[in-house]
Amino acid sequence: MSKKIVFLDRDGVINEYPGDGLYVLSKEQLRVFPYAGESIRRLKEAGYLVYIISNQACVSKGLISVEALKDMTGYLLSSLEQGQELIDGVYYCTHREEENCPYRKPSPALILEALRTCGISKDELNSSSFFIGDSLRDVKAAKAANLKSIIVLSGRESIERKDSWEVKPDYIFKDLKEAVDFIVKNPKD
Ligand SMILES: [Mg+2]
Ligand SMILES: [Zn+2]
C-alpha cells in the first residue's frame with residue numbers, strides 16, 4: 001500500500017507569519033490560525049501522515065534557546081491536537097543561512113530524514129503527497145523531494161508577486177484550510 005504524507009511548514013501556514021526577518025520567540029507570539037488544528041485532523045482522517053518541517057535560525061542567532069523552542073513546540077502541539085495525536089513529527093533546522101547547514105530548506109534533507117524515520121522510501125510515496133508552505137524555499141524543498149508543492153497566501157508570499165517567483169508551485173491556495181479542502185477532495189490512491 002502506498003503511503004500518503006503531508007509536510008507542513010510552520011510560520012505562515014499553521015501560525016501567523018511574524019514578518020520578514022522576524023521570528024516567533026515565545027508562546028505569546030505564537031498565534032495559531034483558528035482553522036489549523038481542524039485542518040490537520042481532516043488530513044489524518046483522510047489517511048495522511050503529517051510532519052512539520054521548519055527553519056528556525058532564531059536559535060543559532062541566540063534569540064531563543066533550544067529548550068524554549070522545544071517548549072513552544074509542546075505548546076503548539078497541544079493547542080493543535082487537543083488530546084488527539086495528529087502530528088507525526090516536528091523537524092527544525094536551527095541554523096543561519098550562512099552556516100550552510102545541509103538540513104536547512106530549500107534542502108529536502110529534513111523531509112528525507114522524516115521519511116527515513118517512518119520507514120518510507122521515496123518510491124513508496126503516493127503521488128498525492130504534498131508540502132504546504134508559504135515561501136519559495138518550501139516550494140524548492142518540495143520539488144527536490146518529489147512532493148507536490150502548495151503555496152498558501154497566509155504568510156510570506158502574496159499573489160501580486162506571483163509573476164516574479166523563481167519557482168512555480170503546483171498549487172496556490174488562500175490558506176491551510178483551502179489547501180486541505182483540495183487535498184481531501186482529490187483522493188488518488
Ligand atoms: Mg513559513
Ligand atoms: Zn541546520
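**Exercise 1.** Determine how helix α1 (residues 36-45) and helix α5 (residues 176-185) are placed relative to each other, given that their axes come within 9 Å and cross at roughly 15 degrees.

*Solution.* This is a predicted model, in which local features need pLDDT of at least 70, side-chain atom pairs count only at pLDDT 80 or more, and totals for chains, interfaces and linings use all residues. Residues are numbered from 1 along each chain as its sequence is written, while chains are lettered from A and ligands numbered from 1 in the order in which they are written.

Begin with the angle, taken from 0 to 180 degrees between N-to-C directions of lines fitted to C-alpha atoms over the stretch in contact. Angles under 35 degrees count as roughly parallel, and α1 and α5 are therefore roughly parallel to each other.

Next, list the contacts (C-beta atoms, placed from the backbone, within 7 Å): A36, S39, R42 and L43 in α1 meet L176, K177, V180, I183 and V184 in α5. These residues divide into six nonpolar, one polar and two charged.

**Exercise 2.** Establish the strand order of the open sheet and find its edge strands.

*Solution.* Helices (H or I, at least four residues) and strands (E, at least two) are DSSP runs, numbered from the N terminus, and two strands pair if DSSP finds at least two bridges between them. Six strands, with parallel pairing, follow the order β3-β2-β1-β4-β5-β6. The edges are β3 (89-93) and β6 (171-173), each of which pairs on one side only. At the β3 end, β2 (residues 49-55) pairs with β3 over five bridges, and I52 stands opposite V90 in β3.

Note on methods. Angles under 35 degrees count as roughly parallel, over 145 as roughly antiparallel, 65 to 115 as roughly perpendicular and the rest as oblique. Two residues are in contact if their C-beta atoms, placed from the backbone, lie within 7 Å. Ala, Val, Leu, Ile, Met, Phe, Trp, Tyr, Cys and Pro count as nonpolar, Asp, Glu, Lys and Arg as charged, and the others, Gly among them, as polar.
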